Amino acid sequence: MQANPSLALSASQKVTGWRLFLKTIVARAYPRVIGQQREKSWIFFDIFLPMLGVAAYVYVYRAIGAPEEYVGFVVMGGAMTSFWMNVLWSMSSQLYWEKEQGNLALYIIAPNSMMAVLLGMAVGGLFATTLRAAVIIVAGSLMFNVTYAVASFTQLLLVFFLAMTALYGMGMMSASLFLLLSREAWHISNLAQEPIYLVSGFYFPIKSLNFWVAAAASIIPLTLGLDAMRQLIFPSGALLGFLSVKVEIAVLIVLCVLFLTAAKFLLDYMEKLAIREGRLTESRR
Amino acid sequence: MTHFAIETKDLSRIYKIRGNKKEKQIRKELVALENVNLTVERGELFGLLGPNGAGKTTLIKILTTLLAPTSGWARVAGYDVTQHPNLVRPRINMVSGGESSGYGLLTVRENLWMFSQFYGMPSKEANQRIVELLKMVGLEDRIHTKSSDLSTGLRQKMNIVRGFLTDPEVLFLDEPTLGLDVGAARDVRKLIRTWVDTSPLPSGEGKGEGRRTLLLTTHYMVEAEELCDRVAIINKGRVLACDTPANLKRNLQRDAIFEIETSPLNGLTSQILQDQPEVKKAALTDIEGGARLELILKEEAALASVINILTQKEIKVKRLTKREPTLEDVFMDLVGQKMEEVEKEEAPHAG
């Protein structure tokens, strides 16, 4: 090793404020986007396995002579499961894993905003997962001859954007809650996975459920997001819809505001609590 | 601007520990830090020396805004860590020994770049600096290696570079050479000293101002002795002494320090030796084929009484050396035990 007198930064122009906020989002999103290219196991776990579930439902529906639109519903639902898995495993329990890895302490002592770190995780996860969902839709549509008739591209994009914002907002909120959990984070994620598949209507229209069950399930943004998207892209979708698209858009807007505000509030609160109780560093230290 | 980079006053931290299922209601308390008063001047390379579980990491956590003190206060770079963490954070960084931070799928450069962005460094400047710093630690040929493919030593060098990369006023290194081989540890120590000596802050004026400060925790005596301008010896959450290594040892220079290698001890204990009026401290360690006695005597003549006891117990003296005091002797003089003995006793509570 050689001594180098230029070890000091000459004139550092470190940015602060909103530019630091944006830099943090991009930097934290980077590992998710790059990681997808380098770790190919997602093709099996996030595409092949959900496709098996989709295929099973498709064959059941065809065997019992259900309307052909149900096949399209299932393909859409299969694609959306990627987002739910991403939020559960890569958002909610992520801060816990970051803590155990030693990253959380480094995020906290840096001058960045923790909200920007969470947003970066969400943006990176959303980007990577959208690709996975698109692959499922394309592959499922080709395999099972699904046809689409989009009623309004603008509304479709709006619903998708709102559903994703609310969903990842919910992920950011639960990430803060999970911060105080130890290994239970893993079990809670496991516990939440399958019941949500049922009550959110991933593989059938939620109108089939009891009204109050469907209304309660609407707290998960994918429930109404998926229902509205189905109404907008399948000719008979509106007949099988739970609420009207406009009402569902309005509820999604409320969920966006609710979850993002709660995420910010909870993150601040949990950070203070964790600092007070000494829970920000990995268990071994 | 205060000329202290770090200042603590009556700093204490008590952890509340929940009992197991049967003792749910019983909440035990563990005093991790007790009334710690320390000042570290700007430009100092300051060492916290103590066994595992002494409270070093707890102190670093408080100083880096990761943990709230139970009582007392601490200032870093002139700002109170509890009241103004947002003013402290842009001015500090921290590296822990054996940490596995970053993402294994990212390369060394990408990991370092990512962390630089959290401090608002322009990408171009960050990338230039990453190359420069990696060259200094001899890691430039691994710049495109995934961090999961690095050995422990190389990974720790990457972590050290992460600490220097953001150009902090005060850098905290928690056991930076933990688990490293001799060569890697030497490289890391060299880099640490170089950084403190050759990295002025851009607008430094006056005593110590404009110089970087580094607080290092270690339980390696040699590391503290070789690197640190001043050392605080800490045990069971309390600072027992704080001075330059030379001054700490000077206090022992009127004492006589002997190291004796013997045959097996035949029931001899350190207490038997310490009961002798002129024996200040005695520590016994089992070694292959016998034992090693380390003695701090009030005067050299007291050696005769020790030899007498050994003879009575039919213990043979294989080698006898008189030596200069080390920080290990200072620790033994202050605590009454060698550091490794304290670590063995405290192992279940370490943290």
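**Nonpolar core and helix packing**

The largest nonpolar core holds 170 residues, and among these A:Val74 and A:Leu118 touch the most other members. The biggest contribution, 13 residues, comes from helix α3 of chain A, residues 69-92. Chain B also takes part. At least three residues of the core come from each of its domain 1 (4-246) and domain 2 (254-323). The model is predicted. In soluble globular proteins, nonpolar side chains tend to be buried together.

The surroundings of A:Leu118 were examined beyond its neighbours within four places in sequence. With those left aside, A:Leu118 is in contact with A:Met172, A:Ala175, A:Ala263 and A:Leu267.

Chain B has 351 residues, of which 46% are buried. Its secondary structure comprises 12 helices and 14 strands. The C-alpha trace of chain B spans about 75 × 50 × 50 Å along its principal axes. Contacts in chain B between residues at least 6 apart in sequence were also assessed. Of these, 70% join residues at least 24 apart.

One helix pair of chain B was analysed in detail. Helix α4 (residues 123-136) packs against helix α5 (residues 152-165) at an angle of about 130 degrees. Their axes lie 10 Å apart. An angle of this value falls between the 65 to 115 range for roughly perpendicular and the over 145 range for roughly antiparallel, so α4(B) and α5(B) are oblique to each other. Their crossing is right-handed. On the α4(B) side, the contact is made by B:Arg129, B:Ile130, B:Leu133 and B:Leu134. On the α5(B) side, B:Val161, B:Phe164 and B:Leu165 make the contact.

Notes:
Residues numbered from 1 in each chain as written. Chains lettered and ligands numbered in written order. Predicted model: local features only at pLDDT ≥ 70, side-chain atom pairs only at ≥ 80, totals over all residues. Core = buried A, V, L, I, M, F, W, Y, C linked by C-beta atoms within 7 Å. Buried ≥ 20, exposed ≤ 12 C-beta atoms within 10 Å, placed from the backbone. Helix = DSSP H or I, 4+ residues; strand = E, 2+ residues; numbered from the N terminus. Domains from an automatic or database assignment. Contact = placed C-beta atoms within 7 Å. Axes fitted to C-alpha atoms, helices over the stretch in contact; angles between N-to-C directions. Parallel < 35°, antiparallel > 145°, perpendicular 65-115°, else oblique. Left-handed = near helix turned anticlockwise from the far one by under 90°.
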